[in-house]
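Colleague: Before I use this model, I would like to go through the terms attached to it.
Modeller: Ask about them one at a time.

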Amino acid sequence: GQGAMRVTYSSDPALAKSADVILVPATGDLARFELPENKAAGQAWVALAGESAYWWPHVEDLQHDSRFDLVMGYSRQLADMHASYTPHDYHALRRPKAYSV
């Protein structure tokens with residue numbers, strides 16, 4: 001089998017070269033991230049578009065941005081991988097929400 005998987009979330013640009021995957025929240029100004037100029041060998045860059053192209057028009061252009069290997073988002077038309085706001089399971093949608101105060 002495969003070894004243990006370690007997931008580290010960091011905004012430290014110094015760690016970018018050693019990461020297997022760089023996940024970029026792609027809603028808003030992408031310039032706010034210090035992305036390396038070049039990808040490390042075998043590294044994947046993923047844009048996570050968590051908002052509508054109605055509010056963030058650049059979301060429509062993410063698939064054409066050569067820096068990204070994959071686009072995740074709730075739009076089935078604009079994303080390579082669907083990442084829904086809601087559960088995919090009908091029964092999960094019908095469960096009452098848990099609220100905290």
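The exchange below takes up the sheet, one loop residue and the core.

Modeller: This is a predicted model, in which local features need pLDDT of at least 70 and side-chain atom pairs count only at pLDDT 80 or more, while totals for chains, interfaces and linings use all residues. Residues are numbered from 1 along each chain as its sequence is written, and side-chain values use heavy atoms, with hydrogens and water left out.

Colleague: Why is strand 1 said to pair with strand 2?
Modeller: Strands are DSSP runs of E with at least two residues, numbered from the N terminus. Two of them pair if DSSP finds at least two bridges between them. Strand 1 and strand 2 have five bridges, in the parallel sense, so they pair. P25 stands opposite L48 in strand 2.

Colleague: What makes strand 3 and strand 4 a pair?
Modeller: Two bridges join strand 3 to strand 4 (residues 81-82), so the requirement of at least two is met. The sense is parallel, and M72 stands opposite M81 in strand 4. On its other pairing, strand 3 (residues 70-73) is joined to strand 2 by four bridges, also parallel; there A49 has G73 as its bridge partner.

Colleague: Which strands are called edge strands, and why?
Modeller: The open sheet has four strands in the order 1-2-3-4, with parallel pairing. Strand 1 and strand 4 are the edge strands because each pairs on one side only.

Colleague: Why is Q43 called buried?
Modeller: Buried means under 20% relative accessible area, exposed over 50% and partly exposed in between (1.4 Å probe, protein chains only). Q43 has 8%, so it is buried. Q43 lies in the loop between strand 1 and strand 2.

Colleague: How do you know that Q43 makes a polar contact with W45?
Modeller: A polar contact is a pair of N or O atoms within 3.5 Å; within protein, one must be able to donate a hydrogen and the other to accept it, and residues adjacent in sequence count only if both atoms are side-chain atoms. The side chains of Q43 and W45 come to 2.9 Å, so the distance cut-off is met.

Colleague: What makes a set of residues a nonpolar core?
Modeller: Its members are buried Ala, Val, Leu, Ile, Met, Phe, Trp, Tyr and Cys residues joined through side-chain atoms within 4.5 Å. The largest such core has 14 residues, and L30, A47, L62 and F68 touch the most other members. Strand 2 gives the largest share, three residues.
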